[in-house]
Amino acid sequence: MYIPPGPISGVIGLPGTGKTFIALTAGFEMAEELHLDIVANFSLNAKALYYYFLGQGYTWLLSRLLHGGIKVRSCAEGSELRLSEFMQEKGALYLIDEAGVYLNSRNFRNIPLDFLSDLAQIRHDSRRMFWIAQYQSQVDRTLRELTASYIVADCPTRYSHQLKNTELVAKYYRIFTAKNYDTYERKINSGAVTGFKANINSVRLADKVIVGQLTYYDRLLFKAYGSFLRVEDKPSMQGSLIDSWSKSTVFVSEKIDSGLVEMTLDRWRQIAEAASRACRRRGAEPEERRREAPSVW
């Protein structure tokens with residue numbers, strides 16, 4: 001299990017290269033390991049998240065989804081930034097899409113001081129943050145200096161007539177420390193090193209490189225967020241969990257003697273894993289959907 005270094009990570013990539021998808025994929029994996037809640041500034045679909053967490057065996061996130069620990073909250077109201085109200089909870093992973101808009105380097109005077117204070121002390125509150133932008137230079141200098149790692153999304157795409165837009169066909173992303181990312185920007189992104197040598201040096205600079213086919217659950221994750229929705233369009237948690245909960249899981253409390261007691265985390269994990277296995281057996285996924293896990297360099 002690899003966790004990007006530092007409490008703040010930047011997710012960088014050109015439009016349509018899977019930045020939000022990669023942020024969710026890496027973010028959910030980290031949140032499950034560190035037992036973090038999730039707060040995002042873009043719309044999520046609770047039902048799709050439920051089946052994604054169930055299939056991936058993310059028992060902590062599944063529990064937090066059912067108990068309101070996965071939240072959607074806007075960073076702004078009209079032209080007024082609401083960054084202080086956005087980052088309220090401790091022990092949570094914050095996902096800020098379009099950080100180049102909300103934390104723009106040319107709009108630094110309007111960024112609240114208490115938000116900057118929270119960023120400087122983010123580790124003390126057991127918080128983590130993934131900010132998502134097209135370029136590093138788009139976001140405020142203070143945020144760039146506090147960012148300890150970068151995830152570069154570069155997923156291959158093709159044009160989809162059905163979507164009338166591009167769609168991802170595979171996963172490809174690299175995770176760099178801040179120091180190595182600066183070297184990557186200076187030598188490779190600038191064009192100083194090109195061709196095969198650039199690819200080799202890029203892999204050497206990265207702490208981790210993930211490349212592979214999209215799995216069945218990767219495709220399910222596409223339904224959990226709106227790839228083509230604008231973040232300022234009043235983001236919300238969509239989808240009902242009632243049917244999913246009643247069909248695929250077990251009631252999460254047990255009768256003991258005369259009353260109901262809260263289940264332990266271990267017991268909840270056992271029930272969720274059993275439900276996940278049952279869900280997979282009933283699903284009977286086609287052979288072409290059963291993909292090997294992505295290779296890791």
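**Exercise 1. Classify Tyr 217 and its ring partner.**

Decide whether Tyr 217 is buried or exposed, then describe how its ring meets that of Tyr 216.

*Solution.* Step 1: Tyr 217 has a relative accessible area of 14% and is therefore buried; the cut-offs are under 20% for buried, over 50% for exposed and partly exposed in between, with a 1.4 Å probe and protein chains only. The model is a predicted one, in which local features need pLDDT of at least 70 and side-chain atom pairs count only at pLDDT 80 or more, while totals for chains, interfaces and linings use all residues. Residues are numbered from 1 along each chain as its sequence is written, and side-chain values use heavy atoms, with hydrogens and water left out.

Step 2: Tyr 216 is at 25% relative accessibility, so this residue counts as partly exposed.

Step 3: Rings of Phe, Tyr and Trp (its six-membered ring) pair if their centres lie within 6.5 Å; planes under 30 degrees apart are stacked, over 60 edge-to-face, and the rest tilted. The structure has 14 aromatic pairs by this rule. In one of them, Tyr 216 and Tyr 217 lie 5.0 Å centre to centre with 75 degrees between the planes, an edge-to-face pair.

Step 4: Elsewhere, ring pairs join Trp 131, Tyr 150, Phe 176, Tyr 181 and Tyr 184 into a cluster.

**Exercise 2. Check the cysteines.**

State how many disulfides the structure holds and classify Cys 75 and Cys 155.

*Solution.* Step 1: A disulfide is a covalent bond between the sulfur atoms of two cysteines. The test used here is a pair of cysteine sulfur atoms within 2.5 Å, and the structure holds zero disulfides.

Step 2: Cys 75 has 1% relative accessibility and so counts as buried. Cys 155, at 3%, is also buried.

**Exercise 3. Describe the nonpolar cores.**

Find which residues have the most contacts inside the largest nonpolar core, and which helix gives this core its largest share.

*Solution.* Step 1: A nonpolar core is a set of buried Ala, Val, Leu, Ile, Met, Phe, Trp, Tyr and Cys residues joined through side-chain atoms within 4.5 Å. The largest has 46 residues, and Phe 28, Phe 53, Leu 61 and Phe 130 have the most contacts inside it.

Step 2: Helix α1 (residues 19–34) supplies the largest share of this core, eight residues.

Step 3: Contact means heavy atoms within 4.5 Å. Beyond its neighbours within four places in sequence, Phe 53 contacts Phe 28, Tyr 58, Leu 61, Leu 62 and Leu 65.

Step 4: A second, separate core has 36 residues, among them Ile 96, Trp 131, Val 139 and Ile 188.

Definitions and conventions. Helix = DSSP H or I, 4+ residues; strand = E, 2+ residues; numbered from the N terminus.
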